[in-house]
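Subject: Structure handover

Hello,

Here is the structure I said I would pass on. My notes follow below it; please read them with the coordinates open.

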Amino acid sequence: MKKQIEKIYSRPLRPGMVGDGFRVFNYFPNNGLSQQRVSPFLLMDFNAEYDFGPSDHLRGVDVHPHKGFETVTIAYKGSVAHHDSTGNSGVINPGDVQWMTAGAGILHKEYHEKTFSKTGGPFEMVQLWVNLPAKHKLTNPGYQAITAGQMEKVTLADNGGSVNIIAGSFNEHKGPASTFTPVNMFDIRLNAGGKLTTKIPAEHNTILLVVNGEVEVNGEKAGQHDLVLFKNDGEEINVSADKNSVLLLLSGEPINEPIAQYGPFVMNTHRELQEAFEEFHSGKFGVLE
Ligand code: MN
């Protein structure tokens with residue numbers, strides 16, 4: 001049975017700045033789509049293509065904490081550098097994904113990579129926050145650097161395009177990311193006229209972001225920067241591209257637990273948020289210059 005479409009959300013009107021390096025449209029939780037409705041996803045910030053221009057200063061976000069969830073950064077254009085308090089660092093280049101588990105608490109900073117900063121140019125990325133269930137919220141912080149080359153790439157029929165599997169499974173092929181709850185995350189590139197068919201479990205909360213292009217999804221048109229929310233009723237998804245298109249398909253088994261959020265901390269209760277705040281201020285998340 002086909003998954004029906006519940007609603008198609010247009011891009012929010014105005015972008016916000018995260019630090020001085022990320023000009024993002026927040027699709028949730030600030031625009032009428034609740035965190036429980038899209039659980040386990042907590043936040044979607046989309047830096048739609050934007051040319052920052054050359055700079056000697058590294059634009060970005062300086063040291064800040066996270067606790068109780070995971071951040072996933074997908075680079076489409078431009079490069080993002082990262083350092084964290086566990087000693088991990090890396091560069092996320094176009095096509096690559098960084099999956100960081102904040103878990104029990106981490107400090108990190110995120111900014112434009114040095115060479116990219118100097119030359120400037122188009123910058124396009126998505127950052128997602130993925131919740132952790134209560135039993136894994138205090139897991140050790142960790143980091144998965146997933147390059148485009150490490151992902152299983154499925155080539156679609158009739159020169160239709162390709163699917164890079166970041167997490168979960170697409171038509172029997174599996175992605176490399178290790179997740180705490182069942183999550184599917186696919187980086188889809190369709191050529192004009194290209195078609196894709198897949199099945200996602202009915203109970204998964206499922207969304208599709210049109211990063212670029214224009215498609216028809218289960219009979220409805222979705223344009224540039226639209227976000228499609230599916231009902232939790234069927235399994236089948238059919239997409240055909242009217243233009244060359246880049247799509248991000250996300251689904252996950254809902255975590256049916258209370259969500260308590262204060263800025264960069266996402267726990268289950270208010271008391272746990274207070275603890276997170278106290279731990280951060282007493283230096284328990286480590287040190288990062
Ligand atoms: Mn962060």
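A residue is called buried under 20% relative accessible area, exposed over 50%, and partly exposed in between. Ile 259 has a relative accessibility of 25%, so this residue counts as partly exposed. One caution before the rest: the model is predicted.

Overall form

The protein chain has 289 residues, and 55% of them count as buried. A compact globule with 289 residues would have a radius of gyration near 19 Å; the value for this chain is 18 Å, which agrees. Along the principal axes, the C-alpha atoms fill a box of roughly 55 × 45 × 35 Å. The secondary structure consists of 26 strands and two helices. Taking the contacts in the chain with a separation of 6 or more, 72% are between residues 24 or more positions apart.

The chain exposes about 12,300 Å², and 49% of that is supplied by carbon and sulfur atoms. There are 33 negative and 25 positive side chains, and the centres of these two sets lie 3 Å apart.

The metal site

Which residues are the protein donors of the manganese ion? They are His 64, His 66 and His 108, each through NE2, and Glu 110 through OE. The donors lie 2.1 to 2.4 Å from the ion. Their spacing in sequence is H-x1-H-x41-H-x1-E. Two of these residues, His 108 and Glu 110, are buried. Note that water is not among the atoms, so the site may look incomplete. If you plan to check the geometry, ideal angles at a metal are 109.5 degrees for four tetrahedral donors, and 90 or 180 degrees for six octahedral ones.

Thr 71 is in contact with two of the donor residues, His 66 and His 108. Beyond its neighbours within four places in sequence, its other contacts are Gln 98, Trp 99, Met 100, Gln 127, Leu 128 and Trp 129. Thr 71 belongs to strand 6, residues 69-77. Its relative accessible area is 0%, so Thr 71 is buried.

Phe 123 is another residue at 0% relative accessibility, and it counts as buried. Phe 123 is part of strand 11, which covers residues 122-131. Its C-alpha atom is separated by 7.5 Å from that of Tyr 76, although the two are 47 residues apart along the chain.

Backbone points to check

Most residues other than glycine have a negative phi, and most peptide bonds are trans. The places listed here depart from that.

- The peptide bond from Phe 28 to Pro 29 is cis, with omega near 15 degrees. Pro 29 sits in the loop between strand 3 (22-28) and strand 4 (41-51).
- The bond from Ser 39 to Pro 40 is also cis, again with omega near 15 degrees. Pro 40 is likewise placed in the loop between strand 3 and strand 4.
- Asn 159, not a glycine, has a positive phi of about 55 degrees. Its position is the loop between strand 13 (152-155) and strand 14 (161-167). With a relative accessibility of 64%, Asn 159 counts as exposed.
- Asn 171, not a glycine either, has a positive phi of about 45 degrees. The loop between strand 15 (169-170) and strand 16 (173-174) holds Asn 171. This residue is partly exposed, at a relative accessible area of 35%.

Two further residues

Where does Ile 259 lie? It is in the loop between strand 24 (245-252) and strand 25 (260-262). Leaving out neighbours within four places in sequence, Ile 259 is in contact with Gln 35, Gln 36, Leu 42, Asn 131, Val 266 and Met 267. Its C-alpha atom and that of Lys 118 are separated by 40 Å, with the two positions 141 residues apart along the chain counted as their separation.

Gly 286 is found in the segment after helix 2 (270-281). With a relative accessible area of 31%, Gly 286 is partly exposed. Its contacts, apart from neighbours within four places in sequence, are Ser 85 and Leu 107. Gly 286 and Phe 41 are 245 residues apart in sequence, and their C-alpha atoms are 26 Å apart in space.

Regards

Conventions. Residues numbered from 1 in each chain as written. Predicted model: local features only at pLDDT ≥ 70, side-chain atom pairs only at ≥ 80, totals over all residues. Heavy atoms only, no water. Donors = N, O, S within 2.8 Å, 3.2 Å for Na, K, Ca; no water. Buried < 20%, exposed > 50% of the residue type's maximum accessible area, 1.4 Å probe, protein only. Helix = DSSP H or I, 4+ residues; strand = E, 2+ residues; numbered from the N terminus. Rg over C-alpha atoms; globule rule 2.2 N^0.38 Å. Contact = heavy atoms within 4.5 Å. Areas by Shrake-Rupley, 256 points an atom, 1.4 Å probe, with all protein chains shown as cover. Lys, Arg positive; Asp, Glu negative; His and termini not counted. Charge placed at Lys NZ, Arg CZ, Asp CG, Glu CD.
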